[in-house]
Amino acid sequence: MTRIRTTHTGSLPRPPAILEAVRAHFTTARPMDEALLAREVDAIVKKQVEAGIDIVTDGELSKPSFFHYLAERMDGFEARAPKNEPPPGPVDPDGRDARMFPDYYRWMLEHSPFADTIRVAPRVCVAPLKYVGRRFVERDIANLKRAMAAAGASDAFMPAASPLPFMSNEHYRSQEEYFEAYGEAMREEYRAILDAGFYLQIDDPRMVSAWDSMRDKDVEQYRAWMASRIRHINHALRGLPEERIRYHTCYGVNFGPRVSDLQLEQVLDLLFTIRAGFYSFEAANPRHDHEWRVLEKIRLPAGKKLIPGAVTHSNVTVEHPEVVADRIERWARSAGAQNVLFGNDCGFSSTAGNREIPESVAWAKLAALAEGARIASRRL
């Protein structure tokens, strides 16, 4: 029997108490309730172990989102009030999908599940960048280690934002200089996570999700844009142990028709050039459930492993464990069972307060993932 291991992409729905604590900390500068945070990390790691997840994390409980947590960890940025308040959530109301399905996206924006998310003011780079988050990442590391010991978890990962900035630059003379400085600053967080013995996960949804907004580019032009970003990512990851690095990208967190999504075969060869040992991507939502066949065309490089999603964040249907097992078996036979582990497509709460996936549904999906892995393990 080949034992299939399970994990997920990081963010989990925040229980109400920690959600309000994080909201107060990032919007009113109230000190974080550290004792509450520690207790909630203990609880969420225990729940992951009980659900059957092998490689756990802290649920990103201390963060308002997978990138806005850097508001307190990176010096050199200035908060700016947005000129025009954007609609809540990750959807581009003028993107490819919204143009194809305007009636759906108009309704979705009017009933946005992101309306109550924690919103952090946009940042602009106005001075030399410096990572100042050491005490925060060390706190998160300590909380996760203690929770793992209490719950009996043997392996963990910790997500960190991509080394590519998304904020505007008013200080550095060129984008190249800005990107290099930002990547150098982020290396301190990356090294701290790796030195703690965790897997480092680089969260970079924009690598493939930005296609929806870049209506002026065709696929080849977009691939060139991806290649330029990958050069910067690889520079930031140089010298770090690839076998301990997971790279995650996805097509966004919105419930939508998603017809505009790129297909995996259009980008996978480029993703494999990133200095990482594991690649986490969407494979369970209905636009991508067929993509296990891609490895018939694009060979998996030696030493690389895949983390396809076997349950999705893109709808609230809880997958039957047999469906999950079927997905796992297809990928395992295509890539080799020794080269795969499985998670979810993307975070269940990548922005704290997002109501798309309720807490009970998220945990039911993770339990289905673990049960599906057990079923597939018996069959393989």
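How many strands form the open sheet with parallel pairing, and in what order do they come? Seven strands form that sheet, and the order across it is 1-4-6-7-8-9-10. Before I go further, please keep in mind that everything I describe this morning comes from a predicted model.

Let me begin with the edges of this sheet. Strand 1, residues 55-56, and strand 10, residues 343-344, stand at the edges, and each has a single partner strand, so one side of each is left without a neighbour in the sheet. At the strand 1 edge, the partner is strand 4, residues 155-161, which pairs with strand 1 in the parallel sense over two bridges. If you want to find that pairing in the structure, look for Val56, whose bridge partner in strand 4 is Ala156. Helix 5, residues 134-151, packs on the sheet here and touches both strand 1 and strand 4, with a direction that makes about 160 degrees with that of strand 4. Elsewhere on the sheet, helix 10, residues 321-335, lies across strand 8 (278-281) and strand 9 (305-311), and it runs at about 160 degrees to strand 9.

There is also an open sheet of three strands, with the order 2-3-5, and here the pairing is mixed. The edge strands are strand 2, residues 74-79, and strand 5, residues 168-169, each of which pairs on one side only. Strand 3, residues 123-131, runs parallel to strand 5 and is joined to strand 5 by two bridges, and within that pairing Val124 has Ser168 of strand 5 as its bridge partner. Helix 6, residues 175-195, packs on this sheet and touches strand 2, strand 3 and strand 5, its direction making about 50 degrees with that of strand 3.

Now to a pair of helices. Two packed helices are described by the angle between their axes and the distance between the axes. For helix 2, residues 34-51, and helix 11, residues 359-379, the axes come within 8 Å and cross at roughly 40 degrees, and the two helices are therefore oblique to each other. On the helix 2 side the contact is made by Ile44, Lys47, Gln48 and Ala51, while helix 11 contributes Glu359, Trp363, Leu366, Ala367 and Ala370. By class, the residues of this contact divide into six nonpolar, one polar and two charged.

Glu359 of that contact also belongs to the lining of the second largest pocket, which holds about 190 Å³ of space. Other residues of the pocket lining include Pro13, Arg14, Pro16 and Leu19, together with Asn354, Arg355 and Ile357. The lining has five nonpolar, three polar and three charged residues.

Finally, what about enclosed space? A search of the whole structure finds two cavities of 30 Å³ or more. The largest cavity contains about 90 Å³, and among the residues that line it are Phe66, Phe67, Leu70, Phe166 and Tyr182, as well as Asp203, Asp204 and Arg206; its lining divides into eight nonpolar, one polar and three charged residues. The second largest cavity has a volume of about 30 Å³, with a lining made up of Val208, Thr249, Tyr251, Leu264, Val267, Leu271, Phe281 and Glu282. In that lining, six residues are nonpolar, one is polar and one is charged. Phe281, one of the lining residues, brings us back to strand 8, which covers residues 278-281 and lies under the helix 10 crossing that I described earlier.

Methods. Residues are numbered from 1 along each chain as its sequence is written. This is a predicted model: local features need pLDDT of at least 70, side-chain atom pairs count only at pLDDT 80 or more; totals for chains, interfaces and linings use all residues. Side-chain values use heavy atoms; hydrogens and water are left out. On a 1 Å grid over the protein atoms alone, a cavity is a set of points where a 1.4 Å probe fits but cannot get out, and a pocket is an open set with protein on both sides within 12 Å along at least five of seven lines; lining residues have an atom within 4 Å of a point. Grid points are joined across faces, edges and corners, and a volume is the space filled by probe spheres set on the points. Ala, Val, Leu, Ile, Met, Phe, Trp, Tyr, Cys and Pro count as nonpolar, Asp, Glu, Lys and Arg as charged, and the others, Gly among them, as polar. Two strands pair if DSSP finds at least two bridges between them. Helices (H or I, at least four residues) and strands (E, at least two) are DSSP runs, numbered from the N terminus. Contact means heavy atoms within 4.5 Å. Axes are lines fitted to C-alpha atoms, for helices over the stretch in contact, and angles run from 0 to 180 degrees between N-to-C directions. Angles under 35 degrees count as roughly parallel, over 145 as roughly antiparallel, 65 to 115 as roughly perpendicular and the rest as oblique.
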